Amino acid sequence: MEMKKIFNVIIAALSLAAFCSCMQIDNFKEPDARVYGNVIDKTTGKNMLVDNGDTHIRIWEMSYSTNPTPQDLNVREDGSFNNNKLFAGTYDMLPLDGAYWPCDTTYNVKIGRKGTKVDFEVVPYLHLVDFTATLDGLNLTLSCKLEAPVMENLPQVVELRPFLSLNKHCGAGNKIDYYNTDTYKISVRKAWTKLDADGDGVSDSEFTVTVPVKAGYTYWCRMGAQVNNTYKNYNYSEVVKIEIPQ
């Protein structure tokens, strides 16, 4: 019986020690280095038109490992990014997942607590140009042409779609699902040479879609075009605000 009591005391002591060790204060500083910047359309000098979550900046912290686990920084709708929860150090950085030609250059960047700005230049597969949004009663017609900054080896153009939202966040990840159906999809599935017979880099014809809207509502809308690449993301027009009268 006495041995059992001693055993129980030992177990209790060990449990208390383990509990106390868990309660020790973590002296490691939280990551507080910052990196920020933009993903820029190299052909226009302006920020890429994207939707939130469409594209990322992949980073690898190279300071302490030759085979680090990658992290992804989200790119916002205006083409900018910002992260202030990194450890100071040297990172490899690369934009990816977007509707642009793959980048073949990895940026090697020192990121510190004062903040490091990095701008990436990419070439989008397509521009949506001459975009218009015309309201006729309760019908909204969206129209645009396509422009290809690089025509050689451009993946097949798959489709165009309208994207409508009830707030300023508008795109494939932020949309009214009602319009995201085959009813309003413009199916293309053609090589660029079939869309641009004269080879001037702009589609020969416009792409137009008409969708119903509701009286008294305010919509934000744009169009998106998809090519047959790995990520199936969209190149976008600008976003316009449409107010429907009562």
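**Exercise 1. Determine how strand β9 pairs with β12, and place both strands in their sheet.**

Step 1. In this predicted model, strand β9, which covers residues 139–147, pairs with β12 in the antiparallel sense, and the pairing runs over six bridges.

Step 2. For a single position to look up in the structure, take T141, whose bridge partner in β12 is T210.

Step 3. The two strands belong to an open sheet of three strands, ordered β8-β9-β12 and paired antiparallel. Because β8 (127–136) and β12 (207–212) each have a single partner strand, they stand at the edges, and one side of each is left without a neighbour in the sheet. From one strand to the next, the twist averages 15°.

**Exercise 2. Identify the largest nonpolar core and the elements that supply it.**

Step 1. The largest nonpolar core holds 31 residues, and those with the most contacts inside it are L126, L146, L160, L164 and M223.

Step 2. Elements giving two or more residues to this core include the sheet strands β8, β9 and β12, together with β10 (157–165), β11 (186–190), α2 (192–195) and β13 (218–227). The most comes from β13, which gives five residues.

Step 3. Another core, of 19 residues, lies apart from this one, and V50, I57, F81 and M93 are among its members.

**Exercise 3. Describe the chain as a whole.**

Step 1. The secondary structure comes to two helices and 15 strands, and buried residues make up 39% of the 246 residues.

Step 2. Of the contacts with a separation of 6 or more, 67% are between residues 24 or more positions apart.

Step 3. The accessible surface comes to about 14,300 Å², with 51% of that area belonging to carbon and sulfur atoms.

Conventions. Residues numbered from 1 in each chain as written. Predicted model: local features only at pLDDT ≥ 70, side-chain atom pairs only at ≥ 80, totals over all residues. Heavy atoms only, no water. Pairing = 2+ DSSP bridges. Helix = DSSP H or I, 4+ residues; strand = E, 2+ residues; numbered from the N terminus. Axes fitted to C-alpha atoms, helices over the stretch in contact; angles between N-to-C directions. Core = buried A, V, L, I, M, F, W, Y, C linked by side-chain atoms within 4.5 Å. Buried < 20%, exposed > 50% of the residue type's maximum accessible area, 1.4 Å probe, protein only. Contact = heavy atoms within 4.5 Å. Areas by Shrake-Rupley, 256 points an atom, 1.4 Å probe, with all protein chains shown as cover.
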